[in-house]
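Student: I have a structure to read and do not know where to begin. Can you take me through it feature by feature?

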Amino acid sequence: MKTLMKGDVAPNFTLHNQNDQAISLTDALKQGPVLVYFYPKALTPGCTVQACGLRDTKPELDNLKVTVFGISPDPVAKLGRFADKHELNFSLLSDEDHAVADAFGVWGEKKFMGKIYDGIHRLSFLIGQDGKVAHVFDKFKTKDHHEVVLNYIQQNS
């Protein structure tokens, strides 16, 4: 697993969101920077806390012209249930074959309760309008992810 680092060109992607609409990184970057956050599984406690934090911080992120994309290997229908249940106000993107997760270097071996399996590593990337990784968020707890992201962007914009 070779994770993208600051300065790397972010791979372009087009994925379907919770409403089954095709969403592309290239189109979003025309509006401003994009926060791409990878999470393991919709409707689980940690992923819900992380998503709700971003939901509640979205007005501040909007003021900074930052678009938020949450990416997981969940199917579109499950993302729709997740977004509806928690009134999420940003795009959740379905990466069922984990091709985008592979391209960002966040798909790989994980260990949980003695089991080893492949899955998504919880990392977030701030992509600048130039298409390059401006920052990698790799040290945070799900409950304060939104604060870490917002503080970084406010201090560096």
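Tutor: Begin with the order of elements. From the N terminus, the protein runs β-β-α-β-α-β-α-β-α-β-β-β-β-α. Helices (H or I, at least four residues) and strands (E, at least two) are DSSP runs, numbered from the N terminus. The protein has five helices and nine strands. This is a predicted model: local features need pLDDT of at least 70, side-chain atom pairs count only at pLDDT 80 or more, and totals for chains, interfaces and linings use all residues. Residues are numbered from 1 along each chain as its sequence is written, and side-chain values use heavy atoms, with hydrogens and water left out.

Student: How compact is the protein for its length?

Tutor: Use the radius of gyration, taken over C-alpha atoms. The globule rule is 2.2 Å times the number of residues to the power 0.38. For 157 residues the rule gives 15 Å, and the protein has 14 Å, so it is as compact as a globular protein of that length. Along its principal axes, the C-alpha trace spans about 40 × 35 × 30 Å.

Student: What share of the residues counts as buried?

Tutor: Buried means under 20% relative accessible area, exposed over 50%, and partly exposed in between (1.4 Å probe, protein chains only). Of the 157 residues, 48% count as buried.

Student: What do contacts tell me about residues far apart in the chain?

Tutor: Contact means heavy atoms within 4.5 Å. Take the contacts with a separation of 6 or more: residues 24 or more positions apart account for 64% of them.

Student: How many disulfides are there?

Tutor: A disulfide is a covalent bond between the sulfur atoms of two cysteines. The rule here asks for a pair of cysteine sulfur atoms within 2.5 Å. By this rule the count is zero. C47 is in no disulfide; its nearest cysteine sulfur, that of C52, is 11 Å away. C52 is likewise in no disulfide. C47 is buried, at a relative accessible area of 1%. C52 is buried too, at 14%.

Student: Which residues of helix α3 are buried?

Tutor: First the general idea. An α-helix has 3.6 residues a turn, so residues three or four places apart point the same way. Now the case. Helix α3 covers residues 76-85, and its buried residues are K78, L79, G80, F82 and A83. They pack against α2 (45-63), β4 (67-72) and β5.

Student: Let me look at β5. Is S91 buried or exposed?

Tutor: S91 is in strand β5, residues 91-94. With 14% relative accessibility, S91 counts as buried. Leave aside its neighbours within four places in sequence. S91 is then in contact with N17, Q18, I23, V68, F69 and G70.

Student: Which residue just after α3 takes a positive phi?

Tutor: Most residues other than glycine have a negative phi, and most peptide bonds are trans. Just after α3, E87 takes a positive phi of about 50°. D20 has a positive phi as well, near 65°. D20 sits in the loop between β1 (14-17) and β2 (22-24).

Student: Where does K65 lie?

Tutor: K65 is in the loop between α2 and β4. K65 is not a glycine, yet its phi is positive, about 65°. At 55% relative accessibility, K65 counts as exposed.
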